[in-house]
Amino acid sequence: MLILATDFGLAGPYMGQMHAVLALNAPSVPRIDLFADLPVFDPYRASYLLPAYCRTPFPADSVFLCVVDPGVGTDRKAVIVRTAQGWFVGPDNGLFAQIVRRAKTVEAWEILWRPETLSASFHGRDLFAPVAAALARGERPAAEPTAGCLYAAPLPPTELDRPHWPDDLAEIVYLDHYGNAITGLRPSVLAADAVLSCRDHRVRAATTFGTVPPQSGFWYVNSNGLIEIALNGGSVATHWHGRIGDHVSV
């Protein structure tokens with residue numbers, strides 16, 4: 001599979017152009033839109049979502065095309081990362097920091113290949129999408145430009161980490177369609193009786209929505225293994241004015 005995770009949004013031409021490049025270059029490979037609404041211009045918070053959401057149900061050799069790239073067109077590197085979860089293609093701006101940090105085995109390369117035409121502002125379409133399609137076709141990174149191989153240079157994976165970023169982030173990193181607030185916290189860092197505070201609202205743990213009264217707030221371990229703050233039948237975003245970047249205290 002080719003899985004897209006970007007901050008491009010579904011309105012406008014950008015996702016359509018990405019899909020067009022993938023369809024032209026890897027027509028037989030299924031394409032999945034996982035995220036088109038990662039935190040905008042924010043690889044820091046997006047990095048805490050990728051390890052959780054790029055696991056189940058995707059097969060192990062999937063190719064994840066991940067683009068949150070406020071530094072597009074600057075001297076930031078274009079990279080390929082390989083872990084047991086699959087292949088990751090995108091910018092070296094911290095977006096893959098948590099992927100690299102949590103992987104048991106990891107390899108990384110700087111993408112040296114360039115297309116004949118490379119816009120300054122849309123590397124997702126012009127650079128990352130063709131590389132992701134090539135990986136999906138079975139091409140592999142190679143240090144020399146040869147047929148059937150991507151021209152890339154090995155890169156120490158530690159260069160992709162951001163050691164000053166925490167292992168778990170006590171902030172809202174994503175608000176879903178229902179207004180539920182996903183944090184960058186994993187359940188291993190919380191006690192079962194922990195009380196979380198967000199936007200001056202204090203919440204305790206529950207198993208799921210129907211176990212608390214209507215409009216009551218609670219926290220729980222969501223289906224992808226992150227701590228989420230929610231209201232039963234309500235919206236943290238609307239009713240509490242929750243926003244990405246809001247601090248969550250324990």
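Visitor: How many residues does the hairpin between β4 and β5 go through?
Guide: Two residues: the hairpin joins β4 to β5 through them. Strands here are DSSP runs of E with at least two residues, helices are runs of H or I with at least four, and both are numbered from the N terminus.

Visitor: What kind of model am I looking at?
Guide: It's a predicted model, where local features need pLDDT of at least 70 and side-chain atom pairs count only at pLDDT 80 or more, while totals for chains, interfaces and linings use all residues. Residues are numbered from 1 along each chain as its sequence is written, and side-chain values use heavy atoms, with hydrogens and water left out.

Visitor: OK, back to the hairpin. Do β4 and β5 run parallel or antiparallel?
Guide: Antiparallel, with six bridges between them. Two strands pair if DSSP finds at least two bridges between them. Thr-83 stands opposite Gly-86 in β5.

Visitor: And what holds paired strands together in general?
Guide: Backbone hydrogen bonds, in either a parallel or an antiparallel arrangement.

Visitor: How many bridges join β4 to β6?
Guide: Five, and those two strands run antiparallel. Val-79 is opposite Glu-110 of β6.

Visitor: Why is β4 described as largely enclosed?
Guide: Because five of its six residues are buried, β4 is largely enclosed by the rest of the structure. Buried means under 20% relative accessible area, exposed means over 50%, and partly exposed is in between, using a 1.4 Å probe and protein chains only.

Visitor: What's the strand order in the sheet of eight?
Guide: The order is β2-β1-β3-β5-β4-β6-β8-β7, in an open sheet with mixed pairing. The edges are β2 (31-35) and β7 (140-142), and each has a single partner strand, so one side of each is left without a neighbour in the sheet. From one strand to the next, the twist averages 35°. For angles, axes are lines fitted to C-alpha atoms (for helices, over the stretch in contact), and values run from 0 to 180 degrees between N-to-C directions.

Visitor: How do β1 and β3 pair?
Guide: They run parallel: five bridges join β1 (residues 2-6) to β3 (residues 63-67). For instance, Ile-3 has Phe-64 as its bridge partner in β3.

Visitor: Which strands does helix α1 touch?
Guide: Helix α1 (residues 14-25) packs on the sheet and touches β1, β2 and β3, with its direction at about 155° to that of β1. Contact means heavy atoms within 4.5 Å.

Visitor: And where does α5 lie?
Guide: Helix α5 (residues 123-137) lies across β1, β3, β4 (78-83), β5 (86-91), β6 (106-111), β7 and β8 (149-154), and runs at about 170° to β3.

Visitor: Changing topic: how does the other sheet, the one starting at β9, line up?
Guide: It's an open sheet of four strands, β9-β10-β14-β13, with antiparallel pairing. Here β9 (169-175) and β13 (217-221) are the edge strands with a single partner each, so one side of each has no neighbour in the sheet. The twist averages 30° from one strand to the next. Four bridges join β9 to β10 (residues 181-184), and Leu-169 is opposite Gly-184.

Visitor: Now the backbone. What's usual for phi and peptide bonds?
Guide: Most residues other than glycine have a negative phi, and most peptide bonds are trans.

Visitor: So which peptide bond is cis here?
Guide: One that joins Thr-56 and Pro-57, with omega at about 5°. Pro-57 sits in the loop between α3 (50-53) and β3.

Visitor: What about the phi of Phe-41?
Guide: It's positive, about 60°, although Phe-41 is not a glycine. You'll find Phe-41 in the loop between β2 and α2 (43-46), and it counts as exposed at 64% relative accessibility. His-241 also isn't a glycine, and its phi is a positive value near 60°. His-241 is in the segment after α6 (236-239) and counts as partly exposed at 47%.

Visitor: Last one: how many disulfides?
Guide: Zero. A disulfide here is a pair of cysteine sulfur atoms within 2.5 Å. For Cys-54, the nearest cysteine sulfur is that of Cys-66, 5.1 Å away.

Visitor: Is Cys-54 buried or exposed?
Guide: Cys-54 is buried, at 2% relative accessible area, whereas Cys-149 is partly exposed at 31%.
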